[in-house]
Every structure is written in structure tokens, then in C-alpha cells.
Amino acid sequence: MIDSVRNTVLSAVNKNNFGYITPDDFNLYAKQAQIDIFEDYFYQYNTWINKMNNRQSGTGYADMIRLAEEVIDSFSSTSTLDPFELDSNVFELPSDYYYVNTIRYGSKEIDRLSHDKVLNLLASNLTSPSTLYPAYTQEGDYITVYPSTIITNVKSQYIRVPKDPKWTYIMVNGAPIFNQNNDYQDFELPLTDEPLLVAKILKYAGLSIREADVYQFGNVEQTNNKQIQG
């Protein structure tokens, strides 16, 4: 899909001699466009849930919710967490995580607690977390699991961020020609998002080369795609 997107973008830009987008610039715009659309799935999911709940019916909204769930679930991943230090109950989350769904110790799901609440629980022998009822707190990219005797067998099920798209090429007669090499990475979004990717990349390209027409065209195309999606 990435080569098709780039060809469409270049066609729109070159049609009116607005300038040239280098492969490196295209890859930067493509990365940001994909992240924008990826994050919008979470926003749209919540919006469609609210709309369906408010109207108490409407299979159309249910279909849109299912579509968002399928896309989001396609980024689901599971990873065994590494302790920050040897024999430590502090674990580092995966570098590509976007949203943590669950943390498990063996087969047990670990409850997430706020820092102030876990301090109160630790102060009492009756409520203190145990290996049967573990808990964790999160700070940045690290989690602390309680009790402190839990230092292994901790896993995270999470939604990862999309891999950075990269259009790769070889030079032929001074021009870059699409060629899949070891660094190649296609978009990870559904094929139906191709028009929206094109629109968003055109917006970024328009800002970069300071062409209001390119930016406006991308903005209009993005708006039209959002209206079609509901």
C-alpha cells in the first residue's frame, strides 16, 4: 500500500508543479499520518459507543464499533516483562506499547492501583497485596509489582504502536525507484484507510513546502473521508 500512497501523493503535488517530496520527507509524513489515524480509532470507538448507547439501537454504529475493535485488536501483543534490575519487582514495559490492557503474574491478573492507594494497602497486613491477589502501580514506562517477592513471570497484554512505515528504493538514472529491501515497512492500517493517509500526508507536505493549495486539498480530502466514515 505504501507505494500506491506515495504515487498518489506525488501525482497530486506534481500535477501543479508544487514541488518535490523526497523519500525521507515522505517517510516522515507517512509516520505521522499513520499515528494520527491510529490514535483516531480510539477516539472514534468511544464516540460510536456513546452514540449507540444514547440511541439504544442502530446496527450501523455497531458495525463501526466492530470495525474499530478489529483494527485496534490487530495491534494487540503479549510480552514477558524484564525486571529493571536483578531480583527487582520493578518491570519495564515494552518499548512499543501504546496502551496496557492487562498485567499478569502467571495466570493471575494483577490489579492496577494508584500510588496513594497502594501505600495504604501496604500499611495493613489485612489488605496488603499477596501472590494470590497481586497489585501494581505504573510510573512512566515502568511498573512496580506487589508483593515485592514477585520478580519473574510477569507478562503484559497491550496495544502496540504501529511500526514506522518506510518506502524503500534504489536509484535508477538519478531517480528513486520503489524497491523492497530489509528496511521496507508497509503501513499497518487497513487498505480502506489509504485515501485518508494520502490526505493527511498531503497536509503535512503542504505545510512543509508552504503551498496552501496542497494543504487545503489534503484538508478537504480528510474532511470528506471523515464524513464518509460517520
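User: In the hairpin of β6 and β7, which residue takes a positive phi?
Analyst: In this predicted model, G140 takes a positive phi near 65°, and the hairpin that β6 and β7 make has two residues between the strands.

User: How do those two strands run, parallel or antiparallel, and how many bridges join them?
Analyst: Strand β6 and strand β7, the latter covering residues 142-146, run antiparallel and are joined by five bridges; E139, for instance, stands opposite Y142 in β7.

User: And what about β5 and β6, parallel or antiparallel?
Analyst: Strand β5 (residues 108-112) and β6 run parallel, with two bridges between them, and D111 has A135 in β6 as its bridge partner.

User: Why is β6 described as largely enclosed?
Analyst: Strand β6 spans residues 135-139, and four of its five residues are buried, so the rest of the structure largely encloses it.

User: Moving past β7, which peptide bond is cis?
Analyst: The bond from Y146 to P147 is cis, with omega near 5°, and P147 itself lies in the loop between β7 and β8, where β8 covers 154-160. As background, most peptide bonds are trans, and most residues other than glycine have a negative phi.

User: OK, phi again: where do D87 and N153 sit?
Analyst: D87 belongs to the loop between β2 (82-83) and β3 (90-92), and although D87 is not a glycine, its phi is positive at about 55°. N153 is in the loop between β7 and β8, and N153, also not a glycine, has a positive phi of about 60°.

User: Is D87 buried or exposed? And what is the relative accessible area of N153?
Analyst: D87 counts as exposed, because its relative accessibility is 59%, while N153 is partly exposed, with a relative accessible area of 43%.

User: Switching to the interior, which residues touch the most other members of the largest nonpolar core?
Analyst: That core has 32 residues, and those touching the most other members are V5, V9, I21, F26, F187 and I201. Two or more residues come from each of α1 (2-15), α2, α3 (59-73) and α5 (194-208), with α2 giving the most, namely nine residues.

User: What does F26 touch?
Analyst: Setting aside residues up to four places away in sequence, F26 touches I2, V5, R6, I21, W167 and I201. There is also a second, separate core of 13 residues, which includes F91, I110, Y136 and Y158.

User: What is N27 in contact with?
Analyst: Apart from its neighbours within four places in sequence, N27 is in contact with P165, K166 and W167. N27 is found in helix α2, which covers residues 23-55, and N27 counts as buried because its relative accessibility is 12%.

User: Now the surface: which residues form a nonpolar patch there?
Analyst: I170, V172 and I177 form such a patch, and together they have about 220 Å² of accessible area. Of these, V172 lies in strand β9 (residues 169-172) and is partly exposed, at a relative accessible area of 36%.

User: And for the whole chain, how many helices and strands, and what share of residues count as buried?
Analyst: The secondary structure comes to six helices and 10 strands, and 38% of the 230 residues count as buried. The accessible surface is about 13,400 Å², of which 48% belongs to carbon and sulfur atoms.

User: What share of contacts links residues 24 or more positions apart?
Analyst: Among contacts in the chain with a separation of 6 or more, 64% are between residues 24 or more positions apart.

Key
Residues are numbered from 1 along each chain as its sequence is written. This is a predicted model: local features need pLDDT of at least 70, side-chain atom pairs count only at pLDDT 80 or more; totals for chains, interfaces and linings use all residues. Side-chain values use heavy atoms; hydrogens and water are left out. Patches are made of residues with over 30% relative accessible area and no salt bridge: like charges are joined within 9 Å, nonpolar side chains (Val, Leu, Ile, Met, Phe, Trp, Tyr) within 5 Å. Accessible areas come from the Shrake-Rupley method with a 1.4 Å probe; for residues, only the protein chains shown count as cover. A salt bridge is a side-chain nitrogen of Lys or Arg within 4 Å of a carboxyl oxygen of Asp or Glu. Buried means under 20% relative accessible area, exposed over 50%, partly exposed in between (1.4 Å probe, protein chains only). Contact means heavy atoms within 4.5 Å. A nonpolar core is a set of buried Ala, Val, Leu, Ile, Met, Phe, Trp, Tyr and Cys residues joined through side-chain atoms within 4.5 Å. Two strands pair if DSSP finds at least two bridges between them.
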